[in-house]
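Reader: I am new to this structure and would like to begin with one part of it, seen closely, before I try to follow the rest. Could you start from a single charged side chain and lead me on from there, step by step?

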Amino acid sequence: MNREYCPYCMTPVGEDGVCPSCGLTSGTYTPLPHHIPPGTVLMGRYLVGRVLGEGGFGITYIGCDLRLELKVAIKEYFPTNWVARHSEVSLSVNNYSGAESSYAKGKSRFLYEARTMAKMDKQPEIVSVRDFFELNNTAYIVMDYVSGKTLMSVLLEQDAMTWTQAKEIFVPAMQAMEQVHQAGLVHRDISPDNLMLTPDGRVRILDLGAAKDLAINGGVSSALVVKGGFSPLEQYAQQGGSGPWTDVYAMAATM
């Protein structure tokens with residue numbers, strides 16, 4: 001790789017290391033010990049930058065597709081209860097009963113659902129999946145990078161929205177979720193921090209890594225995905241059956 005990229009925004013930087021776009025210096029970013037070091041290249045193609053967000057089952061990084069010179073988001077399968085990062089990149093599964101089996105099933109499901117979500121690329125409100133692969137004893141999903149602000153951050157900056165403002169966000173989001181449900185999936189993590197508002201006023205639905213294929217076990221999941229105040233009761237039970245109603249509840253709670 002001949003060019004150096006800013007780990008904050010993935011803009012090419014000059015010899016001084018100062019980004020001409022965001023003004024930050026590449027050497028000032030320090031990842032946490034369980035994060036992939038910035039500058040790591042996956043599959044000889046995807047450059048990893050700073051962390052955009054993380055939850056109980058994954059870490060999302062800003063990245064760059066070096067082949068296409070295109071900014072992307074890279075989600076790493078990282079279930080915090082089952083793994084640790086003992087080397088710079090590779091993961092190791094915790095040494096206790098059931099961890100290895102749970103981790104393997106979760107990783108397989110992560111990749112299966114990535115394949116399914118890739119079929120939603122014609123739905124403009126859904127963030128498109130560009131690639132997915134296994135590496136470093138884990139799995140990765142490469143998605144379109146979406147710039148803007150989450151609904152949560154917008155609401156923290158201003159007063160409550162009027163219905164006229166809100167319906168411009170929620171009507172397209174609900175129509176997109178209808179397409180997700182027709183494809184046999186349920187998102188399971190609709191909330192204000194997973195609705196991105198772009199600079200041109202559009203809404204994009206983020207974090208499809210929690211999505212569940214309803215054809216598997218009747219919607220029952222072996223991985224709990226719960227967000228207080230937004231998740232319905234069935235998501236708090238290991239045997240609870242998820243369905244389109246799960247997303248309807250969460251969308252209503254978000255509104």
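Author: Let us begin with Arg 130, which is partly exposed, its relative accessible area being 45%; this value falls between the 20% below which a residue counts as buried and the 50% above which it counts as exposed. Please keep in mind throughout that the model is a predicted one. The side chain of Arg 130 meets that of Asp 144 in a salt bridge, with 2.5 Å from N to O. Since Arg 130 belongs to strand β7 (residues 129-135) and Asp 144 to strand β8 (residues 138-144), the pair ties together parts that lie 14 residues apart in sequence.

This pair is one example of a kind of contact that occurs 8 times in the structure as salt bridges. Another of them joins the side chains of Glu 69 and Arg 3, at 3.4 Å from N to O. Here the link spans 66 residues of sequence, because Arg 3 sits in the segment before β1 (41-42), while Glu 69 sits in the loop between β3 (58-65) and β4 (70-77). The two partners are not covered to an equal degree by name: Glu 69 counts as exposed, with a relative accessible area of 52%, whereas Arg 3, at 40%, counts as partly exposed.

A further salt bridge is formed by Lys 149 and Glu 157, whose closest N and O atoms are 3.0 Å apart. Of these, Lys 149 is partly exposed, with a relative accessible area of 42%, and Glu 157 is exposed, with 54%. Elsewhere, salt bridges with shared partners join Asp 189, Asp 193 and Lys 227 into one network.

From the charged pairs we can turn to the strands. The elements β9, β11 and β12 form an open sheet of 3 strands, in the order β9-β11-β12, with antiparallel pairing. Both β9 (149-150) and β12 (203-205) stand at the edges with a single partner strand each, so that one side of each has no neighbour in the sheet. Between β11 and β12, which run antiparallel, there are 3 bridges, and along this pairing Leu 195 stands opposite Ile 205 in β12.

The strands that come earlier in the chain can be followed in the same way. β1 and strand β2 (residues 46-54) run antiparallel and are joined by 2 bridges, with Val 41 standing opposite Leu 47 in β2. These strands make a hairpin with 3 residues between them, in which Met 43 takes a positive phi near 55 degrees. The next pairing, of β2 with β3, is also antiparallel and has 6 bridges; Glu 54 there stands opposite Ile 59 in β3. β2 and β3 likewise form a hairpin, with 3 residues between them.

Helix α4 (residues 244-254) offers a last picture, that of a helix with a covered face. Its buried residues are Thr 246, Asp 247, Ala 250, Met 251 and Thr 254. Seen down the axis of α4, they fall within an arc of 125 degrees, and they therefore line one face of the helix. The background to this is that an α-helix has 3.6 residues a turn, so residues three or four places apart point the same way. The cover over the buried residues of α4 includes α2 (151-157), α3 (163-182), β10 (185-186) and β11 (195-197), and with β11 we meet again a member of the open sheet.

On the other side of α4, Trp 245 and Val 248 are exposed. For Trp 245 the relative accessibility is 52%, which is why it counts as exposed. Although Trp 245 and Arg 188 are 57 residues apart in sequence, their C-alpha atoms are 9.8 Å apart in space.

Helix α3, named above as part of the cover, also holds Val 171. Val 171 has a relative accessibility of 34% and so counts as partly exposed. Together with Trp 163, Met 174 and Met 255, Val 171 makes a nonpolar surface patch of about 400 Å².

How values were computed
Residues numbered from 1 in each chain as written. Predicted model: local features only at pLDDT ≥ 70, side-chain atom pairs only at ≥ 80, totals over all residues. Heavy atoms only, no water. Buried < 20%, exposed > 50% of the residue type's maximum accessible area, 1.4 Å probe, protein only. Helix = DSSP H or I, 4+ residues; strand = E, 2+ residues; numbered from the N terminus. Arc of directions from axis to C-beta. Contact = heavy atoms within 4.5 Å. Patch = residues over 30% accessible without salt bridge, like charges linked within 9 Å, V, L, I, M, F, W, Y side chains within 5 Å. Areas by Shrake-Rupley, 256 points an atom, 1.4 Å probe, with all protein chains shown as cover. Salt bridge = Lys/Arg side-chain N within 4 Å of Asp/Glu carboxyl O. Pairing = 2+ DSSP bridges.
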